Amino acid sequence: MAAWVLAHPPWQALSRVRLRWDILVKSGPWTSKQSFSTPSTSEETPAMRQVKAYPYPEVAPDTSLFEDSTDEYREASGGTGAQLNTSEISSAGSDHPSLLLKNLVKQGRFQDASRVHAELTGMGVEILPHPVYHFAARQALRDHTFSREERIKKFMKWWSLFPSYTEVDGARSVYSIVTEMLRNSTTLDVLLVKEFAVLAASKGHVFVASEVIPVVARYTSPEAALGFLEEFCRTAWGFKRSLVKQSANDEPSQDIGRAFYVDTRNWYSLMISELAATQRSCAALDVLNLARARNIPITPAAYTALGQEFYHDVNLGALTTTIRLARGQMDGTSHSDYHQALSIAVRSLEGLREHPPSPNLQEAQHTSLSQRSGLSTEELQRLRTVDLSDGLVLVGLVRLLKRSIKSGVLDVPPTRLSKLVGALLQAGRTSLVRRLRALAYRHSQLVPLWALAEMTRLESVGSPLIHIFREFEAHFHVVGIPRGIADEVWEKPRTTQPGHIGPGRPPISRKLHPGPFDIHLVWMAALRRATSSSQVQRLYSQFLQDVATSRDISPSTVQFLASRSFDKAVDTPAIIPPPSLFNATHFALFIQAFQRFDLPSIARRVLLDMYHLGVKPNYVTLNAFISALCSVPKDVPLSRVVDRLVELVNTRSPPLGQPLLPAESLPPTLRRHNHDAFISAHAQALRRKTLVHIYTGVLARLLLDGRGAEPDTAKIAKQFVEKVPYRPGRNPFTDAVLRAPEIVKATSAGPAASAET
């Protein structure tokens, strides 16, 4: 009993109590100068600071100065030689020099961990991989005190210490880093995403391909996207081969080869689908040809997506090539289910090639949507059109809206949804709006619609630009919108406006890819809040830079950019936006803005900038162009304006409008596939459509001003009929102008060349 008391003194228990009281003491703020082995700076002595600054020795100590560990020492310590096998301890990593580094990262002391990492690396010590280092990698992404290059370097330093797929199941940690890059970061860093994915593939974490390939395909050039895909495949295959034990023939096992075969098929198919979805169908066809030349199969869904894109572009030659490649793969497929899926895809593409789209297609789609949403056609019509001023009617519409949201299909335009939300907020039903929003965010396909409706509501009530930009940034990748202005706006503090939904926005797993309607609303909000013509011209310069970069066109070919100097740091986009983000409707916004600030000459030349960028005009730009012609003085004949615009159109051939893969990146057997026929047909169609819009706009302006009987009108009408190969029935607005009595009289007065069909 006395021996037990002597062996267990009471002050050991008291020391444990003291330590527990120390834990309750609130520690002070952490400083950059605090070290992992010293107290806070306020308690450091000069000697401690000198010891802390003293570096580790560059060479290992001389072990001959110490006595060898013998059995006497081990017996005195209470153990045996077998229990204290130092080789086993070292292999377990319990006394490895990198153990200190791992503990520092666990404690969140990343500055000290960086210093220890540098010292261990300088001494040539091998750092053991561990999943805990992904915390330091995520912290490097969040630390904006360093430049972009330094953050990438710090991130890759820590991410390289993450273990491979065979050592630990680190899917959760890897996905947390993907979330940090694709959701939590304000600006998407595509270069960092590519480097992270390649390093992840070298460790066997190839499941990141489904997250990374869509981002790389959308926000880089097709050449860079294809280069990344090939590097990713090579790296992943190198890791797969490292798993195979060396055999006599040095070949990988059949199971690993089959798994990689399926992965490669999915990765190439995903790349083709994303390129086709962003109006890069010609580059997608190049990737398809390259994959089939290497005997890489493609999924039926990718064939269907690419063929439908060619059908909408009226590129029947490329559609025929797609069908031929699908048939070739189908003939070489032995699996019955896969053969049947390819057969269905081929038959659908052949139907697109042989039959025009049905005029009742949109009506049929609306009928199917109403059935899937659980609403009848009458209920869906009520939800779209009924007046929102009556409170009882509003209650019924909310019930219909809730039923439709629960089904996951909401066939309501964003403007109508914004009015419904605005009516509920005006009625004081903020909590109801929050519940509807939380219900909609459970369905990922409804999040873009709700976000666009919310931005539309903020724009309609005149909210500050900061609210619209932050709503966009919370849901979409920041690409294709004004730069410089957004950087200043995001630094301002958040404020709550009357009628604001308030905090508590449901979280989203990933940021979404913005669409043309989202981009259109942001540019419209920025232009409406511009206070000077110089701001509008700067925004137009940024917009043209975005469009030119997305279509792989030199900015010097655009007349507006060639005549002006711009700030590359602000005007040049950091991310290459896809061509699908921009269309002719965006240009109409700038025509209206230039008119508002009395810049009619620039407004009329927007059509030329569209032509030089390969953008086809539509009825929205036609109406804006007609309005811009109002500012032409009465003493200036419009025929002079027409002649100048037509001359500028005829003196330059337009580009294709979408980037292609360079011939050098394709095998020699595929370099013959250069889309020459399609490029020529596209250029002719774009020139014809631009000339039709110019003549139609000028003639419509003359008719609206009551000047149809003037000789200038007859002269322009004759030029239109004689020089432009227009076939009636292509444009209803042009047909209406040509049927006007004044135009019919002018065109039938003298000889005119027959229009080409």
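In which loop is N295 found? In this predicted model, N295 is found in the loop between α15 and α16, the latter covering residues 300-312, and a second residue with a comparable backbone feature, Q279, lies in the loop between α14 (254-277) and α15 (281-293). Neither Q279 nor N295 is a glycine, although each has a positive phi, as the table sets out together with the accessibility of each residue.

| Residue | Phi | Relative accessible area |
|---|---|---|
| Q279 | about 60° | 33%, partly exposed |
| N295 | about 65° | 55%, exposed |

Because exposed means over 50% relative accessible area, N295 at 55% counts as exposed, whereas Q279 at 33% is partly exposed.

A positive phi also occurs just after helix α28, where D552 takes a value of about 55°. The helix itself comprises 18 residues (533-550), which at 1.5 Å a residue should span 26 Å, and its end C-alpha atoms are indeed 26 Å apart, so the expected and modelled spans agree. Buried positions in α28 include V536, L539, Y540, F543, L544 and V547, and among them are also the residues S541, Q542, Q545 and D546.

Turning to the interior, nonpolar side chains tend to be buried together in soluble globular proteins. The largest nonpolar core has 195 residues, and F155, W267 and F587 are those with the most contacts inside it. Helix α36 (residues 676-704) contributes the largest share of this core, namely 9 residues. Leaving aside residues up to four places away in sequence, W267 touches V206, A209, I213, L229, F232, C233, A236 and F260.

Definitions and conventions
Residues numbered from 1 in each chain as written. Predicted model: local features only at pLDDT ≥ 70, side-chain atom pairs only at ≥ 80, totals over all residues. Heavy atoms only, no water. Helix = DSSP H or I, 4+ residues; strand = E, 2+ residues; numbered from the N terminus. Expected span 1.5 Å × (residues − 1). Buried < 20%, exposed > 50% of the residue type's maximum accessible area, 1.4 Å probe, protein only. Core = buried A, V, L, I, M, F, W, Y, C linked by side-chain atoms within 4.5 Å. Contact = heavy atoms within 4.5 Å.
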